[in-house]
Amino acid sequence: MERITSFCIDHDRLKKGLYLSRIDGDVVTYDMRMCVPNQGVYLENAGLHTFEHLLATYVRNSVYRDQVIYAGPMGCRTGFYFLCRDRVSKQEVIALLQAACAFIKDYEGEIPGASCSAECGNYLDHDLQQAKRYAQDYLQVIQAWKPEDMIYEDSDKAL
């Protein structure tokens, strides 16, 4: 079997950031890298879970709601995948994710979709304070991000 593109990126050189991972037709996959891979610090499940609920809620209520396909965690717990239609520019994706992180870091209240077992498959496993810390940290990483920063360092192995 062929190795998929994301396994061809040198994870030993990968830094925190926002990267264009792949394009499939009109679907663009972005790599929201929130932790440096293989450094022993990973997103903990309760905070990751809350971040996911808030991120998905924010982007699916944004002006880009009809363009958003998926926002969810990576199995390695170093970040998230964000998939949207190619009609959303790279600059708009950056601004949307900056706004989403600002929303999450300042969020107070009940976690959307986590009030009971009917709404979420693991509704008791949430940590708002941890999600807010993840959002604050990632916002600092992408605050000055530009479309030209979205290229993996070893871009010959990516798009």
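Tryptophan 145 has a relative accessible area of 16% in this predicted model, which falls under the 20% limit, and the residue therefore counts as buried. Its ring forms an edge-to-face aromatic pair with tyrosine 19, with 6.0 Å from centre to centre and 90° between the planes. The two partners come from distant parts of the chain, 126 residues apart: tyrosine 19 sits in strand β1, tryptophan 145 in the segment after α4 (128-142). Tyrosine 19 is likewise buried, at 6% relative accessibility. Ring pairs also bring in Tyr152, giving a cluster of Tyr19, Trp145 and Tyr152.

Another aromatic pair joins phenylalanine 51 and phenylalanine 80, this one tilted, with 5.0 Å between centres and 45° between planes. Because phenylalanine 51 belongs to helix α2 and phenylalanine 80 to strand β4, the pair ties together parts 29 residues apart in sequence. Both phenylalanine 51 and phenylalanine 80 are buried. In total, the structure holds 5 aromatic pairs.

Strands β1 and β4 both belong to an open sheet of 4 strands, which follows the order β1-β2-β4-β3 with antiparallel pairing. At the edges stand β1 (17-24) and β3 (68-73); each has a single partner strand, so one side of each lacks a neighbour in the sheet. Direction ignored, neighbouring strands are turned against each other by 15° on average. The antiparallel strands β3 and β4 (residues 79-85) are joined by 5 bridges, and alanine 71 has phenylalanine 82 of β4 as its bridge partner. Helix α2 (residues 45-59) packs on this sheet, where it touches β2 (27-33), β3 and β4, and its direction makes about 170° with that of β3.

Note on methods. Residues numbered from 1 in each chain as written. Predicted model: local features only at pLDDT ≥ 70, side-chain atom pairs only at ≥ 80, totals over all residues. Heavy atoms only, no water. Pairing = 2+ DSSP bridges. Helix = DSSP H or I, 4+ residues; strand = E, 2+ residues; numbered from the N terminus. Axes fitted to C-alpha atoms, helices over the stretch in contact; angles between N-to-C directions. Contact = heavy atoms within 4.5 Å. Phe/Tyr/Trp six-rings, centres within 6.5 Å; stacked < 30°, edge-to-face > 60°. Buried < 20%, exposed > 50% of the residue type's maximum accessible area, 1.4 Å probe, protein only.
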